[in-house]
Structures are given as C-alpha cells and as structure tokens.
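I opened this entry to keep a record of what I looked up in one structure and in which order. My notes begin with how a pair of helices packs.

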Amino acid sequence: MAGGGGMPSVGGGGAAGSGGGAKALPEPKNLDHCLYGYPAHETDKTMKSGPALYTPKSGGQPDTILQPEVLQWMEENRWTGAHVVWHAVRGCTSGTAGGLLGPLGFPNICRDYPVLVPTDQNCRSAGDGYQFLLFHRHMIQVLKQLWPSHAADFDGFPKFPTTKEELPAVWNEKDPTWSQTILDAAAIGDNIEQHLDKFPSEGALGYWLQCPVGSQKPSWAADVPYIGLHFNLHDQWSRGASSDHGLNNGQVNITNYMFWKLHGWIDNVWEKYRVAKGLTKEGSPELAKYRQDLAAQCREMDIEIEILKQNAGEGPMLDCPPDVDETGDFHTKVRPLFETDANHCSSCHGPAQTSPYAGLTLGGSVSSKCVLERLKRESIGGGQYKLIEPGDPMKSWLYLKAAGLAEGAGCTSSDPNKPCNSATMPPSGKTFTDAELKILSDWITAGANP
Ligand SMILES: [Cu+2]
C-alpha cells in the first residue's frame, strides 16, 4: 500500500467487502501471468500486422481497428468490459460510475464489490494518475506478450504526431489539427527529461496527461499548460459514425487501433520520466515497488474479468452463434424489425464485442433464441417495466420505447445506477412504422412466443 499508488487489497481473493450485503470476490485465475507474462498466442505467426479497417454499417469513412484475432481474444477475455469496470470503480464515490456501467447492463459494481473501489477516484489525485499509467501499461504489455511479432502495433507514436506522415495510412489525408496549448503541452511530453521539475511524482505526470479536462487544477500544475492530452488525442481520431469501435466510445474504444497508438505515446512519456528520474535501476526499491504496483493492476483486472464472467448473463452475449435452422414468429417476423436500415437497433444493441447497450441484444451475430431469452427479464432504464411483458404491449418497455410512448408511461426507479431513460429509441427518433409496431404489439399480445 505504498503512497501515491494506494491500491485496494484485491489480491487476496474470496474476501468479502466491508459493506453490508457485499458479494464475495471471485477467486482470480491464472495469477501467474501477472508476474511472468503470457506466452505468445497461437495466431502470432499468422496474424496480419497494422490496423484492420472497419466500415460502420451506417456508412461513412472506415475506422482503424485491431486485427480480428486480437478482437476475438479481447472478447473471450472480457477485456472491453473489464476496461469499463476499471474506469467505473474509480467513479463510485466521485459519482461518475453509473454512466459507464449503465450501457454495459451490468450489476451495481460499486454496491456489490466495495473492496474494488479505490480511494483514488478518477482525476481526483496523483494516486489515480499513477494507477492510470500502470493499468494501461499492463494492457499494452499483455498484448505485446501475446503477439510479439506485432509488438510494433501496440507501440505508441514515437512523438506527439503533428503531421499526417506520422499516422497510419487511413488517417493521413490531412495533418492533425491542434491548438497552441495542446502543442505546448505535447512539447513538454516529448521532452519530458527537461521538465522533470514540473512533475513531483509519476502520479502527478499521469494525472496531467490523463485528466485536466473538467478537473481541478492541482497546485503543482501552476506552470504547465493544463489541457488533458489524453482526451485531446482521443478526440482527434474519433469517427462518430463508427461507434461500434469508436475511439470516443468508452465501452469499446480499446478495440480501436489508435487507442494503442495514443496510450502508447503516453506510456513512452512516462517511461522517459522514469528513466530520467532514476526509477528503473535493477535492484532498487523504486523498481521493486513499481513491479508490485503493476502486478496489482493486473490482479485487479483479472478480478474484474472474473466478475464479468460470473455475470455473463447480463454482459456481452458470447455463446450464442446464429442458428441457421431457426424458425418461428419471433425469428421470422419480429427480430427482423430490429435490423432494418431505418431501425438498425443492433448497431448499439449487438452481441459480444460491441458491448450491448443497456444489456440488451436485439440482433447481430447471435441466435434468435438467445435474443428472446434476454428480452424476458428486467429492463435497464425502464424502472418497474420489464422489456417484454407477455400479453401486454403497454407494459412492455421495449414496445413503449419503440412506439415513442415511454415518456408518458410513468417509469420510476429507485436504483441510481439504473435511472429511467424514457427517450424514444432509436435515438434518431421514432423510426418504427405503424405496420412494424403492430407486428411487435400483436406478437407481445399473443404471448411473446418463439
Ligand atoms: Cu482507459
């Protein structure tokens, strides 16, 4: 529990949290990799290098994402969810967790696993800045261990990119545009060795790189440009249309290729600081502490992954491949309504890797049986309403949302992490035609059968 990087003691496993009614923590598995790393993945020799291209279903310019082999590994290992949970528990006492967890359709982490909630909350302390650096480095290291032949893909920009030549091909139509304050801050990062006196600790550096947008300026930051390069970098290559993998979609952004370029740059700045400060000497107490702190981040992530696996019923849908032999009204008449070009529900409410918003999967590469199973449970954001109440469309939150009737339905919720969200879906406004709504309504009235 060294100062600055204070971690909740989550490595013990099995210890229940202090709060009443807290769930027992799952036993983390395969802890060894936190100390010894992973062997190369079987796809290391065959995988392509560089970014893969992803064109959003709604059209628009392609985005750069990780290779499918990496995406699949991330999906199997619940990395996108664990990354969300990692950030979310740092908002439990500062009040920003709900917005992150809501879309994941996830149980109340803050209430159920209080021992996971660090005292260092998001952008409130240098300790948080330090954990931010450690955790993202842990992820970078794992990816390089698994795909050593492709390690360069997880290397950051060697310097803060200011010209198109420094970017992957898809991005180099034009130079990135930065304000002078951003450029001033970036110059400090790129020449961090000459600015060591500006940052009293690694955590202070991490805080400065990650946070400033919207957060309070700490006293030590009096003479540094206070801007939040981490957010500026995310914004620069965020293509709105490709929310499935968008760099600004916190639910999935680790699947974006540029995520690793920009976090790698942050990591490089940190490493140069460590070397210049003499923190990397073999045998030194600083290096020993750093290794412990890094392993603690690895263990925290493992526990978060285990929690996600235990709650898989409400998380991404993994084991439900499409079934070509499916028949029945739901499969042939109802489900297609969610996947029309106008309604396109499944672009946000997809399975697995696209982190189903509100825990709701309405289409994509998944069997109708699995989609239907989930529809018959509690809604998230619908208060007292279930998603589907067989026999009664007017009590079925899915129908009310699609029909634009949720607003007047008197939704009430006592769970602050699942506030009522009565907005019509899709967010573009009512796109279901009257004929489509009648099909949905008739199906519910008849009992919502397969
Ligand atoms: Cu992150």
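I looked first at α6 and helix α10 (residues 257-276), which pack at an angle of about 120 degrees with their axes 10 Å apart. Because angles of 65 to 115 degrees would count as roughly perpendicular and those over 145 as roughly antiparallel, I entered α6 as oblique to α10. I also noted that α6 passes α10 in a left-handed crossing.

Next I listed the residues that meet: from α6 they are Leu133, His136, Arg137 and Ile140, and from α10 they are Trp260, His263, Gly264, Asp267 and Trp270. Sorted by class, this contact of α6 with α10 has four nonpolar, three polar and two charged residues.

I should record that the model is a predicted one. For the chain as a whole I noted 15 helices and two strands, and I found that buried residues make up 45% of its 450 residues. Of the contacts with a separation of 6 or more, 68% are accounted for by residues 24 or more positions apart.

I then turned to backbone angles. Cys123, which is not a glycine, nevertheless has a positive phi of about 60 degrees, and I located Cys123 in the loop between α5 (109-112) and α6 (126-146). Is Cys123 buried or exposed? Cys123 has 21 other C-beta atoms within 10 Å, so I entered it as buried.

Ala448 is not a glycine either, and its phi is positive at about 50 degrees; I placed Ala448 in the segment after α15 (434-445). With 23 other C-beta atoms within 10 Å, Ala448 is therefore buried.

Note on methods: Residues numbered from 1 in each chain as written. Predicted model: local features only at pLDDT ≥ 70, side-chain atom pairs only at ≥ 80, totals over all residues. Helix = DSSP H or I, 4+ residues; strand = E, 2+ residues; numbered from the N terminus. Buried ≥ 20, exposed ≤ 12 C-beta atoms within 10 Å, placed from the backbone. Contact = placed C-beta atoms within 7 Å. Axes fitted to C-alpha atoms, helices over the stretch in contact; angles between N-to-C directions. Parallel < 35°, antiparallel > 145°, perpendicular 65-115°, else oblique. Left-handed = near helix turned anticlockwise from the far one by under 90°. Nonpolar A, V, L, I, M, F, W, Y, C, P; charged D, E, K, R; others polar.
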